[in-house]
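Okay everyone, thanks for coming. Please have a look at the chain on the screen, and I'll talk you through it piece by piece.

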Amino acid sequence: MLKSAVVLACLWTSVYGHGLISAVVGDNGVTTMGFGVTTTVPRDGTSEQPFQLDTPVMKNLVDDPCGATLQGGSISIPDSLALAVQQGGGNLPSLSANGSITMTIHQVNADGGGPFTAQVNTDGTGQTWVDAVVTQQVPGANGILRGGPIDSQFTAQVPAGTVCTGGDTGDVCLIRINNGGAGLEDSLANGAGPFGGCAAVVNNAATNTGAANTGAANTGAANTGAANTGAANTGAANTGAANTGTANTGADTNTDTNTGNGNGRGGRGRNRNNQRTISRRSEELELRELIAKRHELDGQIEAKRQELTARQFLTVDLIDELKTATGSAIDIPIDAFAGQIDDSADGGNSTTARNAILTLQQAVDLKKAVQGAIAGALAVMSSAQDVSVDAAGFSVANKLTADQIAQANNKAAAALADGSTTSVNLGNAGVGEPNTAVVDSLLGGAFAITSTLTDIGAAIPTGTVAAGAGAGAAVTAAGQAAATATAATGNGNGRGRGRFGNNRNNKREFRSRLARFIQDDLE
């Protein structure tokens, strides 16, 4: 799939990254989902509709302590708690002995990145919260993630002495995660989000009382030593009878094996065998050296491939170009709010309208602020150490390829276009429904760009595809070169041994050895 097509498929849809709790795994083996999260939303795409419909948006924690979703609106804590109990078969996930709980966070895309904070509410109401300690973080930097969607493991530990008292059972706590807000004021996810949500857990009284560790199961009864009396090691089997030396009495079994090596036809034949043995060992050594060189070459090619791939994400020059391009593009709608239509025949400044929403100075300030925000986001995506799903130190799963993501997004966009699905937005999730006519008028002539670029993008392959193919071809060529060199060496040595009386069997034996060496190396 073309990278240009991937970008174009998302140009006119709301693409917020988002992150949600897709699974909560308790120490008692019970698994549930986060509040507001459903099983009906697909997880293989990134666009708003439908891939973000059940993501809790933590935009108003006063009215919605556990957030709100596009699909369900404000998240009801009592209803969500009851549903979680059903998901757990009548139970909720329990905290571990040290107060930890493990979750899977589905990070949809760009602003669903880490780091996330964690808090605990002990009475199940969601009114008061205490900070918890995050012991396993998810990938991302400043709320931004590159390479999603991805499922990442997240672990939080409640403070020592925490006692859960909520719910009908009187032992429920709420855990809340958030990739923005207090403590994460520098998170770029604060714009569209932040995102996260809540989950319900319970104390595990049996784990914390120590009753299960009374030592009763470790009385030592099973280790009395009865099975190790030594009876089986009396030495009877090692009396030495088998090693009396009879087999090495000096009977000269090999007395004449090498006698007269240089005399007679038999001696000459044995001499040739010795020479062949030496030659084969030399060839095997040479083969090992070739294989080692092949590994070194493959490693160099892989390093170069990774370097080229990395360059195609966001290089310094590309960032500069993006800042320039986006900075100019955002001027168009902002100028329109200031009453200046930039695609006017006589120029935008010739059309200043009265009673515009923004003054000219406000438009200038707003454009500069937006440009700064875009530059900051690009800087994070290009250079932050933990921004990628491939960053070290995280536990991730279900990584998708760009083609898979593009296919899912394109399918979703097509469904919206043909009316088989409709946009869902129940409000309270921080995403307003735009007035299409107003948006189109603000964009002016820029609105026509998408249809033109979509046609072009469908026909032009991108650098990523070409580079990937080139790298793959280079690796294949390296393997072929190594195989060719090895085969040439083998053939040459085979012919050389022929001068010492080798026959076809010797050649087949060497080829068999060669095949085994290569197979062992590959395995």
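Before anything else, a bit of vocabulary: two strands count as paired if DSSP finds at least two bridges between them. Keep in mind too that what you're looking at is a predicted model.

So, with that in hand, look at strand 6, residues 117-121, and strand 10, residues 172-178: they pair in the antiparallel sense, over five bridges. If you want one of those bridges to look for, take T117, whose partner in strand 10 is N178. And what holds paired strands together in general? Strands of a sheet pair through backbone hydrogen bonds, and the pairing can be parallel or antiparallel.

Now zoom out a little. Strands 6 and 10 belong to an open sheet of four strands, in the order 7-6-10-11, with antiparallel pairing. Which strands stand at the edges? Those are strand 7, at 130-131, and strand 11; each has a single partner strand, so one side of each has no neighbour in the sheet.

Next up, the cysteines. How many disulfides does the structure hold? Two. As a reminder, a disulfide is a covalent bond between the sulfur atoms of two cysteines.

One of them joins C66 to C198, with 2.2 Å from S to S. This pair links distant parts of the chain, 132 residues apart: C66 sits in the loop between helix 2 (48-51) and strand 3 (68-69), while C198 is in strand 11, residues 196-202. So yes, that's the edge strand we just met. The angle about the S-S bond is -95°, which makes this link left-handed. Are these two cysteines buried or exposed? Both C66 and C198 are buried.

The other disulfide is formed by C164 and C173, whose sulfur atoms are 2.0 Å apart. This link is left-handed as well, with -105° about the S-S bond. Buried means under 20% relative accessible area. C164 comes out at 2%, so it is buried, and C173 is buried too, because its value is 1%. Count the bonded cysteines along the chain and you get the pattern 1-4, 2-3.

Let me pick out one more residue, V133, which is found in strand 8, residues 133-136. V133 is partly exposed, because its relative accessible area is 49%, and exposed would take over 50%. What does V133 touch, leaving out residues up to four places away in sequence? The answer is T155, A156 and Q157. V133 and T155 are 22 residues apart along the chain, and their C-alpha atoms are separated by 8.6 Å.

Now the whole chain. It has 12 helices and 12 strands, and 34% of its 523 residues count as buried. Take the contacts between residues at least 6 apart in sequence: 73% of them join residues at least 24 apart. The chain exposes about 28,700 Å², with carbon and sulfur atoms supplying 54% of that.

Last, how far to trust the picture. The average pLDDT is 75, and 66% of the residues score at least 70. Over residues 1-16 the pLDDT is below 50, though this stretch has 44 contacts in the model beyond near neighbours in sequence. Residues 207-264 also stay under 50, and there the model has 13 contacts beyond four places in sequence. Where pLDDT is low, the predicted coordinates should not be read in detail.

That's my tour, thanks for listening!

How values were computed
Residues are numbered from 1 along each chain as its sequence is written. This is a predicted model: local features need pLDDT of at least 70, side-chain atom pairs count only at pLDDT 80 or more; totals for chains, interfaces and linings use all residues. Side-chain values use heavy atoms; hydrogens and water are left out. A disulfide is a pair of cysteine sulfur atoms within 2.5 Å. Helices (H or I, at least four residues) and strands (E, at least two) are DSSP runs, numbered from the N terminus. Buried means under 20% relative accessible area, exposed over 50%, partly exposed in between (1.4 Å probe, protein chains only). pLDDT is the predictor's confidence in each residue, from 0 to 100. Contact means heavy atoms within 4.5 Å. Accessible areas come from the Shrake-Rupley method with a 1.4 Å probe; for residues, only the protein chains shown count as cover.
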